[in-house]
Amino acid sequence: MAAKTAKLHQEHLLIIEDDKGRRSVPLIEASYSIGRDQSCDIRLSSQFVSRRHAILNRRLQADGTSFYEIVDGDENGKRSVNGLLINGVKLQDQTNHSLQHGDEVVFGPQVFAIYQVRQRGVMPSASNDDPFDITLIDPAMMMGDFDESSPDE
(Lines give C-alpha, C1' and ligand atoms only; values in the text may rest on other atoms or scores of the structure.)
Protein backbone atom coordinates (compact mmCIF):
# COMPACT_ATOMS: atom_id res chain seq x y z
CA MET A 1 0.00 0.00 0.00
CA ALA A 2 1.46 3.35 -1.00
CA ALA A 3 2.04 5.96 1.68
CA LYS A 4 -0.23 8.95 1.49
CA THR A 5 1.38 12.36 1.35
CA ALA A 6 -0.12 15.43 2.93
CA LYS A 7 -1.40 18.15 0.63
CA LEU A 8 -0.39 21.69 1.46
CA HIS A 9 -3.34 23.90 2.42
CA GLN A 10 -2.80 27.66 2.42
CA GLU A 11 -4.75 30.38 4.18
CA HIS A 12 -4.08 33.97 3.14
CA LEU A 13 -4.91 36.81 5.55
CA LEU A 14 -4.63 40.56 5.55
CA ILE A 15 -4.40 42.02 9.06
CA ILE A 16 -5.56 45.62 8.68
CA GLU A 17 -5.16 48.55 11.06
CA ASP A 18 -6.92 51.85 10.32
CA ASP A 19 -9.05 54.50 12.07
CA LYS A 20 -11.58 51.79 13.05
CA GLY A 21 -9.02 49.55 14.74
CA ARG A 22 -7.53 46.18 13.85
CA ARG A 23 -9.24 43.40 11.93
CA SER A 24 -8.37 40.27 10.03
CA VAL A 25 -9.60 39.75 6.46
CA PRO A 26 -9.36 36.20 5.04
CA LEU A 27 -8.35 36.32 1.37
CA ILE A 28 -10.36 33.79 -0.64
CA GLU A 29 -11.28 35.55 -3.88
CA ALA A 30 -8.99 35.96 -6.90
CA SER A 31 -9.04 39.75 -6.73
CA TYR A 32 -9.87 42.56 -4.26
CA SER A 33 -10.10 46.32 -4.54
CA ILE A 34 -8.78 48.26 -1.53
CA GLY A 35 -9.59 51.86 -0.60
CA ARG A 36 -12.00 54.13 1.22
CA ASP A 37 -14.70 54.07 -1.46
CA GLN A 38 -17.96 52.31 -0.52
CA SER A 39 -17.62 50.01 -3.53
CA CYS A 40 -14.20 48.61 -2.50
CA ASP A 41 -14.02 44.98 -1.45
CA ILE A 42 -11.73 45.89 1.46
CA ARG A 43 -12.61 49.30 2.89
CA LEU A 44 -10.03 51.35 4.75
CA SER A 45 -11.17 54.05 7.14
CA SER A 46 -8.91 57.10 6.74
CA GLN A 47 -8.96 60.34 4.79
CA PHE A 48 -5.31 59.69 3.87
CA VAL A 49 -6.29 56.64 1.79
CA SER A 50 -7.33 57.05 -1.85
CA ARG A 51 -10.86 56.09 -2.84
CA ARG A 52 -9.44 53.26 -4.99
CA HIS A 53 -5.98 52.84 -3.47
CA ALA A 54 -4.82 49.36 -4.51
CA ILE A 55 -5.76 45.98 -5.96
CA LEU A 56 -4.86 42.51 -4.68
CA ASN A 57 -4.57 39.74 -7.28
CA ARG A 58 -4.01 36.07 -6.51
CA ARG A 59 -1.20 34.48 -8.53
CA LEU A 60 -0.38 30.79 -8.90
CA GLN A 61 3.11 29.37 -8.63
CA ALA A 62 4.52 26.36 -10.50
CA ASP A 63 4.18 24.12 -7.41
CA GLY A 64 0.43 24.80 -7.18
CA THR A 65 0.62 27.17 -4.22
CA SER A 66 -0.51 30.76 -4.52
CA PHE A 67 0.36 34.24 -3.30
CA TYR A 68 -1.14 37.69 -3.66
CA GLU A 69 0.30 40.56 -5.62
CA ILE A 70 -0.58 44.11 -4.62
CA VAL A 71 -0.93 46.77 -7.31
CA ASP A 72 -0.85 50.49 -6.49
CA GLY A 73 -3.90 52.20 -7.97
CA ASP A 74 -7.22 51.29 -9.52
CA GLU A 75 -8.40 48.91 -12.26
CA ASN A 76 -7.68 51.56 -14.91
CA GLY A 77 -4.01 51.89 -13.97
CA LYS A 78 -4.39 55.23 -12.19
CA ARG A 79 -1.95 55.24 -9.27
CA SER A 80 -3.02 56.29 -5.78
CA VAL A 81 -2.07 59.75 -4.50
CA ASN A 82 0.04 58.55 -1.56
CA GLY A 83 1.34 55.35 -3.15
CA LEU A 84 2.33 52.30 -1.13
CA LEU A 85 5.17 51.58 1.27
CA ILE A 86 6.14 47.90 1.36
CA ASN A 87 8.30 47.02 4.37
CA GLY A 88 9.32 50.67 4.65
CA VAL A 89 10.25 51.07 0.95
CA LYS A 90 8.07 53.18 -1.35
CA LEU A 91 7.02 51.56 -4.62
CA GLN A 92 8.60 53.91 -7.14
CA ASP A 93 9.04 52.68 -10.71
CA GLN A 94 6.97 49.51 -10.55
CA THR A 95 3.34 49.58 -9.51
CA ASN A 96 3.11 46.03 -8.16
CA HIS A 97 4.74 43.86 -5.52
CA SER A 98 4.52 40.10 -4.92
CA LEU A 99 3.59 39.79 -1.28
CA GLN A 100 5.40 37.41 1.03
CA HIS A 101 4.47 36.27 4.52
CA GLY A 102 4.99 39.11 7.00
CA ASP A 103 5.10 41.95 4.46
CA GLU A 104 3.78 45.24 5.82
CA VAL A 105 1.91 47.51 3.42
CA VAL A 106 1.43 51.14 4.47
CA PHE A 107 -1.40 53.01 2.74
CA GLY A 108 -1.10 56.25 4.71
CA PRO A 109 -0.43 57.60 8.21
CA GLN A 110 -1.51 54.94 10.72
CA VAL A 111 -3.18 52.83 8.02
CA PHE A 112 -1.38 49.59 7.25
CA ALA A 113 -1.86 45.91 6.55
CA ILE A 114 0.24 42.82 7.25
CA TYR A 115 0.04 39.94 4.79
CA GLN A 116 0.13 36.45 6.28
CA VAL A 117 0.22 33.01 4.70
CA ARG A 118 -0.55 30.09 6.95
CA GLN A 119 0.29 26.66 5.61
CA ARG A 120 -0.62 23.29 7.02
CA GLY A 121 -0.55 19.76 5.76
CA VAL A 122 -3.88 18.06 5.12
CA MET A 123 -3.99 14.29 4.82
CA PRO A 124 -6.22 13.04 2.02
CA SER A 125 -9.25 11.12 3.22
CA ALA A 126 -9.21 7.33 3.01
CA SER A 127 -11.20 5.64 0.28
CA ASN A 128 -14.03 3.24 1.18
CA ASP A 129 -12.03 0.20 0.02
CA ASP A 130 -9.26 0.74 2.60
CA PRO A 131 -8.50 -2.69 4.15
CA PHE A 132 -7.50 -1.00 7.41
CA ASP A 133 -10.76 0.92 7.80
CA ILE A 134 -12.22 -0.49 11.02
CA THR A 135 -15.01 0.41 13.38
CA LEU A 136 -14.37 0.03 17.09
CA ILE A 137 -17.13 -1.70 19.05
CA ASP A 138 -17.58 -1.82 22.79
CA PRO A 139 -17.02 -5.49 23.84
CA ALA A 140 -20.03 -5.29 26.17
CA MET A 141 -22.21 -4.92 23.09
CA MET A 142 -21.08 -8.35 21.83
CA MET A 143 -21.47 -10.41 25.00
CA GLY A 144 -25.25 -10.79 25.06
CA ASP A 145 -25.18 -10.40 28.85
CA PHE A 146 -27.20 -7.23 28.87
CA ASP A 147 -29.38 -6.62 31.86
CA GLU A 148 -32.28 -4.83 30.30
CA SER A 149 -34.16 -4.33 33.57
CA SER A 150 -33.95 -0.92 35.13
CA PRO A 151 -31.70 -0.58 38.19
CA ASP A 152 -34.70 0.41 40.36
CA GLU A 153 -36.53 -2.95 39.90
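This passage describes the largest nonpolar core of a predicted model and the surroundings of selected residues. In this model, local features need pLDDT of at least 70 and side-chain atom pairs count only at pLDDT 80 or more, whereas totals for chains, interfaces and linings use all residues. Residues are numbered from 1 along each chain as its sequence is written, and side-chain values use heavy atoms, with hydrogens and water left out.

The largest nonpolar core (a set of buried Ala, Val, Leu, Ile, Met, Phe, Trp, Tyr and Cys residues joined through side-chain atoms within 4.5 Å) holds 24 residues. Leu14, Leu27, Ile42, Leu56, Ile70 and Phe107 touch the most other members. At least two residues of this core come from each of strands E1 (7–18), E2 (21–27), E3 (31–35), E5 (54–60), E6 (66–72), E10 (104–108) and E11 (111–122); strands are DSSP runs of E, at least two residues long, numbered from the N terminus. The most is given by E11, with 4 residues.

Contacts (heavy atoms within 4.5 Å) are listed without residues up to four places away in sequence. Phe107 touches Ile34, Leu44, Phe48, Val49, His53, Ala54, Ile70, Asn82, Gly83, Leu84, Phe112 and Ala113.

Two serines were also examined. Ser33 lies in strand E3 and counts as buried because its relative accessibility is 7%, buried meaning under 20% relative accessible area with a 1.4 Å probe and protein chains only, exposed over 50%, and partly exposed in between. Beyond four places in sequence, Ser33 touches Ser39, Cys40, Asp41, Ile42, Arg52, Ala54 and Glu75. Ser50 is placed in the loop between strand E4 (42–43) and E5. At 12% relative accessibility, Ser50 is likewise buried, and its contacts outside its neighbours within four places in sequence are Gly35, Arg36, Ser80 and Val81.
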